[in-house]
Amino acid sequence: MNMEEINFAYKVRHALNQNLEHLPASTTSRLAAARQAALARKKADTPMRALASVPATAQGTAGGFFANPFSWLSRLSVALPVVVVMASLVGMYQAEKQHRISELAEIDAMVLSDELPLNAYLDHGFNAFLAKRGD
């Protein structure tokens with residue numbers, strides 16, 4: 001909640017409290033019963049929050065990066081896995097690229113030294129591969 005919403009809630013509460021004395025007893029008892037029913041339905045594990053009134057001039061200094069001493073640690077715990085995943089992806093890409101280069105170099109060496117079997121030259125896919133690489 002921002003400060004405007006908090007101030008509005010305080011104004012509404014104040015207005016309701018001012019007119020509470022002018023309500024009939026039957027309305028007051030129904031409101032009290034409704035409040036008790038709402039409190040009974042409230043979850044037991046939900047903590048109640050206390051709204052602290054922070055002056056508008058102190059809001060800028062109350063938060064920020066160094067407000068919580070472990071905030072940098074929580075940010076690092078999010079950023080570190082992202083960096084590790086990115087580094088591993090780059091490493092895998094480089095390894096695959098190097099592997100493909102070495103396979104192509106091996107094929108080139110076999111073609112140049114005439115060590116390929118004759119079936120490789122008869123394969124239309126291999127001829128298309130060589131023609132594509134020659135362009």
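pLDDT is the predictor's confidence in each residue, on a scale from 0 to 100. The structure described here is a predicted model, with a mean pLDDT of 76 over the protein and 74% of the residues at 70 or more. Among the elements, helix α4 has the highest mean pLDDT, 89, and helix α3 (residues 59-62) the lowest, 49. Over residues 53-60, pLDDT stays under 50, and the model has 3 contacts beyond four places in sequence for this stretch.

The protein contains 6 helices and 0 strands, and the order of its elements from the N terminus is α-α-α-α-α-α. Of its 135 residues, 4% count as buried. The exposed area of the protein is about 12,000 Å², of which carbon and sulfur atoms supply 65%.

Helix α4 spans residues 71-112. The 42 residues of α4 reach 61 Å from the first C-alpha to the last, close to the 62 Å expected at 1.5 Å a residue. Just after α4, a positive phi of about 55° is found at Asp 114.

A nonpolar patch of about 480 Å² lies on the surface and is made by Trp 72, Leu 73, Leu 76, Leu 80 and Val 84. One of these residues, Leu 73, is placed in α4. Leu 73 has a relative accessible area of 40% and is therefore partly exposed, since this class lies between the 20% limit for buried and the 50% limit for exposed residues. An α-helix has 3.6 residues a turn, so residues three or four places apart point the same way.

Conventions:
Residues are numbered from 1 along each chain as its sequence is written. This is a predicted model: local features need pLDDT of at least 70, side-chain atom pairs count only at pLDDT 80 or more; totals for chains, interfaces and linings use all residues. Side-chain values use heavy atoms; hydrogens and water are left out. Patches are made of residues with over 30% relative accessible area and no salt bridge: like charges are joined within 9 Å, nonpolar side chains (Val, Leu, Ile, Met, Phe, Trp, Tyr) within 5 Å. Accessible areas come from the Shrake-Rupley method with a 1.4 Å probe; for residues, only the protein chains shown count as cover. A salt bridge is a side-chain nitrogen of Lys or Arg within 4 Å of a carboxyl oxygen of Asp or Glu. Helices (H or I, at least four residues) and strands (E, at least two) are DSSP runs, numbered from the N terminus. Buried means under 20% relative accessible area, exposed over 50%, partly exposed in between (1.4 Å probe, protein chains only). The expected span of a helix is 1.5 Å times one less than its number of residues. Contact means heavy atoms within 4.5 Å.
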